[in-house]
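Please look over the sequence and the structure shown below before reading on. The briefing that follows takes up the packing of helices and then the surroundings of a ligand.

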Amino acid sequence: MVQGEPDPGRELDGRHRFDRPARGDGTLALMDFRFDSVEGVREGLAKVDYLADEGIAGVVYLADRLQKPVLVEGPAGTGKTQLAKSVAEMSGARLIRLQCYEGLDESKALYEWNYKKQLLRIQAERGEDQGWDEIEDNIFSDDFLLTRPLLEAIRAEDPVVLLVDEVDRVEVETEALLLEILSDYQVSIPEMGTIGAEQIPLVFLTSNNTRELSEALKRRCLYLHVDYPDLDREKAIVLAKVPDISDSLADQVARIVRSIRQLELKKSPSVSETLDWARTLVLLGVEKVDAEMAGQTVNILLKYQSDIAKAVKEFSSEGQAFKRGGPFSTDE
Ligand SMILES: Nc1ncnc2c1ncn2[C@@H]1O[C@H](COP(=O)(O)OP(=O)(O)OP(=O)(O)O)[C@@H](O)[C@H]1O
Ligand SMILES: [Mg+2]
């Protein structure tokens with residue numbers, strides 16, 4: 001993992017970025033790539049307790065090499081938001097987050113003029129012998145600009161990771177705001193001109209797929225589908241995130257959750273719910289989860305009464321889904 005300083009004296013060994021003007025002043029940014037290899041990404045993430053599989057680590061690696069944003073899609077609670085946070089943490093970058101919601105507009109996402117301050121300035125200068133052009137130049141300058149997350153990420157001089165969280169919540173028209181940033185890493189402000197990025201930030205967009213995103217947005221991004229982890233990875237996540245849990249309890253938790261996900265449910269348990277359940281069992285001092293204990297605590301994992309009823313029935317009858325993998329037996 002390299003979070004290297006730009007070193008203009010280095011040879012052109014393919015590890016440098018020359019292909020895109022990336023500085024506000026139009027000169028080329030000369031910068032090391034952040035990551036050495038896919039395995040390096042995976043190890044770095046593991047160090048900050050994010051357990052990635054080959055697919056996730058591979059896309060993060062490529063995003064850095066190709067200087068492309070990553071669109072992360074997948075079911076709720078599978079670690080999409082956490083991925084961006086963890087990449088920032090592992091690379092020592094500042095995380096800038098834009099939380100999307102219906103009605104989000106330019107003034108909250110990009111920038112806004114500080115009208116009050118502008119008015120005060122105009123009033124203060126009344127009576128002085130200034131032409132409108134002069135005043136206009138004055139009030140549409142940096143001093144009067146309120147930067148919002150997208151512009152902040154573009155202007156940052158320190159390394160940043162930009163997280164545009166839950167992008168599917170904004171309207172299609174608002175999505176268009178992102179396009180210039182995602183393809184050219186720049187922002188156009190009519191009164192000031194175009195502001196280019198000081199350095200190319202790593203960008204993550206997350207989506208729960210509540211609606212189709214525009215083709216234009218997708219085209220600019222690498223695509224990463226983050227699904228529920230497999231048994232081993234979920235167990236590893238539990239071991240990493242739940243203090244004082246035994247290997248055998250983590251194993252049972254991962255197995256039972258996997259079995260529950262095989263049922264036809266309204267909403268399958270997410271990784272965050274797995275972690276909540278594991279913490280609950282540790283708090284209760286449970287070492288071996290039997291059908292009764294699972295039934296008593298399943299409301300931590302499932303949030304629909306019909307799902308709970310279905311799971312409890314399966315627990316007690318050790319139904320089809322539970323025979324495979326034998327979640328209540330640790331001796332497998
Ligand atoms: N691979 C992983 N390694 C470590 N922790 C993980 C992993 N995947 C998920 N988690 C944990 O699961 C929890 C939920 O993750 P996160 O909030 O990122 O989910 P999400 O996909 O963004 O969910 P939502 O769609 O609801 O926003 C977090 O506490 C996170 O630490
Ligand atoms: Mg999220």
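In α11, the residues Leu249, Ala250, Val253 and Val257 meet a set in α12 made up of Thr274, Trp277, Ala278 and Leu281. Sorted by class, the residues of this contact of α11 with α12 comprise seven nonpolar, one polar and no charged. The model is a predicted one, and the points below add to this picture, topic by topic.

**How α11 lies against α12**

- Helix α11 covers residues 247–261, and its axis and that of α12 come within 10 Å and cross at roughly 135 degrees.
- Because angles of 65 to 115 degrees count as roughly perpendicular and those over 145 as roughly antiparallel, the angle just given makes α11 oblique to α12.
- As for handedness, the crossing in which α11 passes α12 is right-handed.

**How α10 lies against α12**

- The axes of α10 and α12 are 10 Å apart, and the two helices pack at an angle of about 55 degrees.
- The helices α10 and α12 are therefore oblique to each other, and α10 passes α12 in a right-handed crossing.
- On the α10 side the contact involves Glu234, Ile237, Val238 and Lys241, which meet Val271, Thr274, Leu275 and Ala278 in α12.
- Divided by class, this contact of α10 with α12 has five nonpolar residues, one polar residue and two charged residues.
- Thr274 and Ala278 of α12 are named in the contact with α10, and they are also named in the contact with α11.

**How α5 lies against α6**

- Helix α5 (residues 115–125) and helix α6 (residues 132–139) have axes that come within 10 Å and cross at roughly 145 degrees, and α5 passes α6 in a right-handed crossing.
- From α5, the residues Gln118, Arg121, Ile122 and Glu125 make the contact, while α6 contributes Ile135, Asn138 and Ile139.
- The class make-up of the contact of α5 with α6 is three nonpolar, two polar and two charged residues.

**What surrounds ligand 1**

- There are 18 residues around ligand 1, and of these Gly79, Lys80, Thr81, Gln82 and Ser272 come nearest.
- The helices α3 (80–91), α10 (231–241) and α12 (271–283) each supply at least two residues of the shell around ligand 1.
- Both domain 1 (1–103 + 152–227) and domain 3 (231–323) take part, with at least three residues of the shell around ligand 1 drawn from each.
- Classed in the usual three groups, the shell around ligand 1 has seven nonpolar, eight polar and three charged residues.

Conventions: Residues numbered from 1 in each chain as written. Chains lettered and ligands numbered in written order. Predicted model: local features only at pLDDT ≥ 70, side-chain atom pairs only at ≥ 80, totals over all residues. Near = placed C-beta within 6 Å. Helix = DSSP H or I, 4+ residues; strand = E, 2+ residues; numbered from the N terminus. Nonpolar A, V, L, I, M, F, W, Y, C, P; charged D, E, K, R; others polar. Domains from an automatic or database assignment. Axes fitted to C-alpha atoms, helices over the stretch in contact; angles between N-to-C directions. Left-handed = near helix turned anticlockwise from the far one by under 90°. Contact = placed C-beta atoms within 7 Å. Parallel < 35°, antiparallel > 145°, perpendicular 65-115°, else oblique.
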